[in-house]
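This report describes selected features of a predicted model. It covers backbone geometry, the surroundings of the ligand and one pair of packed helices.

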Amino acid sequence: MILSEEHELLREAVREIALKELAPRAEDADHNMTFPAAQLKALAASGMLMIKYPEKYGGAGGDNLASAIVAEETARECLSSSTTSLVQMLSGDCIFLYGTEEQKMKYMPKMATGELLGCFALTEPGAGSDASNMSTVGVDKGDHYLVNGTKTFITNAEYGDFIVAFVKTNPERGARGVTAMILEKGQFQVSKHEDKMGMRASNTCEVVIKDAKVPKENVLGKPGLGFIIAMSALNGGRIGAAAQAVGMMQAMLDESIAYAKQREQFGKPIGSNQAIQWMIADMAKDLNAARQLTYHAAALTDSGKPSSTEASMAKLFATEVGIKHASNAVQIHGGYGYCKPSKVERMYRDIRILTIYEGTSEVQRMVISNNIMK
Ligand SMILES: Cc1cc2nc3c(=O)[nH]c(=O)nc-3n(C[C@H](O)[C@H](O)[C@H](O)COP(=O)(O)OP(=O)(O)OC[C@H]3O[C@@H](n4cnc5c(N)ncnc54)[C@H](O)[C@@H]3O)c2cc1C
């Protein structure tokens, strides 16, 4: 798929911001687990944070393909910053696709400027891949729900102004008894910070919700529609994760080629050996295929056609080959690739999350086979 001139210009613009604002801070932010607030601000200032939404909601009138390009180019320099903004869009999608006009106007323009930070709270300690088996409950109290439960691995939670929480309001109905609702700061508390192997500047926390009185006007869509809302948002999230893998593979390919040309052993550049050339050739081939799958899934979503199979295929393929080639990029860099401050060392740790969040590889295979075998 050949990108339009508009999308290519967008890529150049994001690349410039990523090189100026994300790349210089990436190593230090990873080491100190520093939340990428300045990076988020820079993305917001240039209209990249909520790019795909209409201008009236603070967006730039872009599309899902534009969002994928932003995820790709930001992850190419700093996955933590990329994920912080991707989750802003995940909560944004829930509001944009299912919120009332009032809810959209209340949250989205401020999310675009970075004034409000959103979280997406689906996973629980006992409900990961089997997300509809959640035990967070909301009891109907007339004008509000009384919500109690624990959500785990919630990105942005410590800095979040609100969470879109998925809550069982009718437990007998299983997935059809889940309701999506917005909980404001103060209605949820961070109970644990995760100390992660990679993507360390992205904030990941366990969140406890205790006797939160959530007004019914904070419900998104209708009661019982929550699981459908979560899956709709995750469709975009999966394309985003695929794009992140593409951006990281591009970075690892660039680093590997440069190192292979410069590093000499046995009196010649290591890149003159076929063993190294083949690793680089395979990386470039899989990168190209992953990019095409990702752009196709995004363009299909933009056309209004069903894209859940294609989003899962792109996520599954791009993230799995991404992990494989991250390992090869470290191999090409030898001992230097295993030590800081090598970019491939950080990327090798960072990229590992991509086959886990937004649905594991096994879940993507379930989605694909369910869709094509029904
Ligand atoms: C850094 C990070 C950020 C995250 N951010 C968020 C967030 O912002 N919001 C949010 O809601 N969640 C978030 N998550 C949670 C993430 O989506 C879950 O970790 C993921 O869905 C997997 O759930 P689990 O960890 O409970 O693993 P489990 O579901 O327990 O799975 C463990 C293993 O078993 C496999 N498995 C499970 N069921 C099957 C099956 N039927 N067939 C074959 N294999 C199976 C899985 O694929 C996996 O390999 C985040 C997680 C991390 C680590």
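In which loop is Pro341 found? Pro341 is located in the loop between α8 (308-338) and α9 (343-350). The peptide bond that leads from Lys340 into Pro341 is cis, and its omega is near 5°.

**Backbone geometry**

Most residues other than glycine have a negative phi, and most peptide bonds are trans. Besides the cis bond between Lys340 and Pro341, two residues with a positive phi merit attention: Met33, with a phi of about 55°, and Phe153, with a phi of about 55°. Met33 is not a glycine, and Phe153 is not a glycine either.

| Residue | Phi | Location | C-beta atoms within 10 Å |
|---|---|---|---|
| Met33 | about 55° | loop between α1 (5-32) and α2 (37-45) | 15 neighbours |
| Phe153 | about 55° | strand β3 | 20 others |

Is Phe153 buried or exposed? Phe153 is buried, because 20 other C-beta atoms lie within 10 Å of its own and the cut-off for burial is 20 or more. Met33, in the loop between α1 and α2, counts as partly exposed because it has 15 C-beta neighbours inside 10 Å, a count between the limits of 12 and 20.

**Surroundings of the ligand**

The ligand is surrounded by 19 residues, of which the closest are Gly128, Ser129, Thr155, Thr360 and Glu362. Two or more residues of this shell are contributed by each of the elements β1 (118-121), β3 (144-155) and α10 (361-373). Strand β3 provides the largest share, 3 residues; this is also the strand in which Phe153 is found. In terms of class, the shell comprises 10 nonpolar, 7 polar and 2 charged residues. Domain 2 (118-227) and domain 3 (234-373) each supply at least three residues to the shell.

**Packing of α6 and α9**

Two packed helices are described by the angle between their axes and the distance between the axes. For helix α6 (residues 226-262) and α9, the axes come within 10 Å and cross at roughly 150°. Because angles over 145 degrees count as roughly antiparallel, α6 is roughly antiparallel to α9. The crossing of these two helices, α6 and α9, is left-handed. Helix α9 also bounds the loop that holds Pro341, the residue that follows the cis peptide bond from Lys340.

Conventions: Residues numbered from 1 in each chain as written. Predicted model: local features only at pLDDT ≥ 70, side-chain atom pairs only at ≥ 80, totals over all residues. Near = placed C-beta within 6 Å. Helix = DSSP H or I, 4+ residues; strand = E, 2+ residues; numbered from the N terminus. Nonpolar A, V, L, I, M, F, W, Y, C, P; charged D, E, K, R; others polar. Domains from an automatic or database assignment. Axes fitted to C-alpha atoms, helices over the stretch in contact; angles between N-to-C directions. Parallel < 35°, antiparallel > 145°, perpendicular 65-115°, else oblique. Left-handed = near helix turned anticlockwise from the far one by under 90°.
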